[in-house]
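Subject: Handover of a structure and notes on its contents

Dear colleague,

Please find below the structure that I am handing over to you. My notes on what was found in it follow directly after it.

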Amino acid sequence: MSKRRPPNARLPGDSTPEAEVARMIRVDHAGEYGAARIYDGQLAILAGTEAGDKIAGMAAAERRHLETFDEMVLARRVRPTALAPLWHVAGFALGAGTALLGPRHAMACTEAVEEVIDEHYRVQAERLGGREAALKTTIEEFRADEQDHRDTAIAEGARKAPGHRPLTRAVKAGTRLAIWLSERV
Ligand SMILES: [Fe+2]
Ligand SMILES: [Fe+2]
């Protein structure tokens, strides 16, 4: 077995616990930004449809998540990711692209993204342990929302999308890569 570092372990650049927390906030901020852009892309195609109504509800939650991390980045003077312009385009393209395949594909995209974010938040909360109570509560609340989004996507037919398996695999890989990059850049 390879010795893989758990995804949220301290990185060499994390000289202090504060630096580690800053990195967590940076990646979460980037992730919520990306999520909001994915739903924007889906809504550009599906607004006004039945799936669009569900997506609009999830998009509203992502905007709340993003606002919270926007405030946190400012209050704690965390450097935001330099990759925001990339997530702006890539998030929207992923949302619109899957929505163009159809509403069930859009839901499969949501299922895959939210599953990765659920795990990401789970590991972060665990990593914080007894530190940063307010941040930890935020992470746990948002994690519950993301689980909700995943369940909604499944209820809306995500798993009935033709090509569900390769699609969700690709989206999960892309999401993990985005997390990995946003933790570092
Ligand atoms: Fe979110
Ligand atoms: Fe979400």
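A cavity, as the word is used here, is a set of grid points where a 1.4 Å probe fits but cannot get out. Rolling a probe the size of a water molecule over the atoms shows where empty space is left. Please bear in mind that the model is a predicted one, and that every value below was computed from it.

**Cavities**

A search of the whole structure finds 2 cavities of 30 Å³ or more. The largest cavity has a volume of about 70 Å³. Its lining is made up of Val-27, Asp-28, Gly-31, Glu-32, Ala-35, Glu-114, Ile-117, His-120, Tyr-121, Glu-146 and Ile-179. Two elements, H1 and helix H4 (103–128), each give two or more residues to the lining of the largest cavity. Of the elements, H1 gives the most to this lining, with 5 residues. By class, the lining of the largest cavity divides into 5 nonpolar, 2 polar and 4 charged residues.

The second largest cavity has a volume of about 40 Å³. Ala-35, Ile-38, Tyr-39, Glu-62, Thr-110, Val-113 and Glu-114 line the second largest cavity. Here too, H1 and H4 are the elements that give two or more residues to the lining. The lining of the second largest cavity comprises 4 nonpolar, 1 polar and 2 charged residues.

**The iron ions**

Several of the residues named above return as metal donors. Which residues supply the protein donors of the iron ion (ligand 1)? They are Glu-32, through two OE entries, Glu-62 (OE), His-65 (ND1) and Glu-146 (OE), at 2.0 to 2.7 Å from the ion. Along the sequence, the donor residues of this iron ion (ligand 1) are spaced E-x29-E-x2-H-x80-E. Glu-32 lies in helix H1 (residues 17–46) and Glu-62 in helix H2 (residues 50–75), so this pair ties together parts that are 30 residues apart in sequence. Glu-32 is buried, with a relative accessible area of 2%, and Glu-62 is buried, with a value of 0%. Both count as buried because their relative accessible areas are under 20%.

The iron ion (ligand 2) is coordinated by Glu-62 (OE), Glu-114 (OE), Glu-146 (OE) and His-149 (ND1), at 1.7 to 2.2 Å. The angles among its 4 donor atoms run from 90 to 122°, and the site of the iron ion (ligand 2) is tetrahedral. That name applies because four donors count as tetrahedral if all angles lie between 85 and 135 degrees. The donors of the iron ion (ligand 2) follow the spacing E-x51-E-x31-E-x2-H along the chain.

How far apart do the iron ion (ligand 1) and the iron ion (ligand 2) lie? They lie 3.8 Å apart, and Glu-62 bridges them. Glu-146 is listed among the donors of the iron ion (ligand 1) and also among those of the iron ion (ligand 2). Glu-146 and His-149 both lie in helix H5 (residues 133–155), where they are 3 residues apart, about one turn of the helix. Glu-146 is buried, and so is His-149.

**Thr-98 and His-105**

Thr-98 is found in helix H3 (residues 84–101), and His-105 has its place in helix H4. Is Thr-98 buried or exposed? Thr-98 is buried, with a relative accessible area of 5%, and His-105 is buried as well, at 12%. Leaving aside neighbours within four places in sequence, Thr-98 is in contact with Gln-42, His-105, Ala-106, Cys-109 and Leu-167. On the same terms, the contacts of His-105 are Thr-98, Ala-161, Pro-162 and Leu-167. Thr-98 and His-105 are thus in contact with each other, and Leu-167 appears in the contacts of Thr-98 and in those of His-105.

**Two loop residues**

Two residues in loops deserve a separate note. Arg-77 lies in the loop between H2 and H3, and its phi is near 55°, a positive value in a residue other than glycine. At 76% relative accessibility, Arg-77 counts as exposed. Glu-132 lies in the loop between H4 and H5, with a phi near 50°, which is also positive in a residue other than glycine. Glu-132 is partly exposed, with a relative accessible area of 28%.

With kind regards

Technical notes: Residues numbered from 1 in each chain as written. Chains lettered and ligands numbered in written order. Predicted model: local features only at pLDDT ≥ 70, side-chain atom pairs only at ≥ 80, totals over all residues. Heavy atoms only, no water. Donors = N, O, S within 2.8 Å, 3.2 Å for Na, K, Ca; no water. Helix = DSSP H or I, 4+ residues; strand = E, 2+ residues; numbered from the N terminus. Buried < 20%, exposed > 50% of the residue type's maximum accessible area, 1.4 Å probe, protein only. Tetrahedral: all angles 85-135°; square planar, octahedral: opposite > 155°, others 65-115°. 1 Å grid on protein atoms, 1.4 Å probe; cavity = no way out; pocket = protein on both sides within 12 Å on 5 of 7 lines; lining within 4 Å. Points joined across faces, edges and corners; volume = space filled by probe spheres on them. Nonpolar A, V, L, I, M, F, W, Y, C, P; charged D, E, K, R; others polar. Contact = heavy atoms within 4.5 Å.
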